Amino acid sequence: LNNTVLTARIYTATGKHSQAGALLDTLLESTDKEQYKDIYADALFASAENNKLLKQYATALKQAEQSLEIRRKVYKSTSSKIVDSVNQCNEINKLIKETEETINDNVEVDLNEFNDDKFQCKCPKCGFVFDVDGRQEV
């Protein structure tokens, strides 16, 4: 029995809590508690320690799962924002490129192409005609 308790303690110390718990539960069920009070007390203590460690492990696992879920949400939110930013940058780059092309395509205007003698100063609807000097003609 001492070896069983010692084995259970080794399991507990090495993190094999479920194996230690099963071993101690078997020991507690099959032992004459009066005859082996010391061993029973040790087994009970080891079992209590095992349960305490299991609860701590469960709590830590739950906290880790919550942290992971928070990280997943942050990642999802951040990744969608990054995609939106990349799309906006692509649109801005496209506009900049179009603007540069427009600027590069511009040529200086020759004012001689817009001399007064090249235009008829006549209203297409009513036929009103005026000359360059501002005098009205009919």
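Begin by selecting Val5, Ala8, Leu24, Leu27 and Ala46, the 5 residues that form the largest nonpolar core of this predicted model. Two elements each give two or more residues to this core, namely α1 (2–13) and α2 (17–30), and colouring these helices separately will help you to follow what comes next.

Keep alanine 46 selected and display its surroundings: leaving aside residues up to four places away in sequence, alanine 46 touches Arg9 and Leu24. Of these, Leu24 is itself one of the core residues you have just selected.

Now zoom out to the whole protein chain, where you can trace 3 helices and 2 strands, arranged from the N terminus on in the order α-α-α-β-β. Helix α3 covers residues 37–105, and it is the next element to select.

Within helix α3, show the side chains of arginine 72 and glutamate 69, which lie 3 residues apart, about one turn of the helix. These two residues form a salt bridge in which the closest N and O atoms are 3.7 Å apart, and the structure holds 1 salt bridge in total. Is glutamate 69 buried or exposed? Neither word fits, because its relative accessibility is 36% and glutamate 69 therefore counts as partly exposed.

Finish with a surface view of the protein chain, which exposes about 11800 Å², with carbon and sulfur atoms supplying 54% of that area. Buried residues make up 12% of the 138 residues in the chain. If you then display contacts between residues at least 6 apart in sequence, 31% of them join residues at least 24 apart.

Definitions and conventions:
Residues numbered from 1 in each chain as written. Predicted model: local features only at pLDDT ≥ 70, side-chain atom pairs only at ≥ 80, totals over all residues. Heavy atoms only, no water. Salt bridge = Lys/Arg side-chain N within 4 Å of Asp/Glu carboxyl O. Helix = DSSP H or I, 4+ residues; strand = E, 2+ residues; numbered from the N terminus. Buried < 20%, exposed > 50% of the residue type's maximum accessible area, 1.4 Å probe, protein only. Contact = heavy atoms within 4.5 Å. Areas by Shrake-Rupley, 256 points an atom, 1.4 Å probe, with all protein chains shown as cover. Core = buried A, V, L, I, M, F, W, Y, C linked by side-chain atoms within 4.5 Å.
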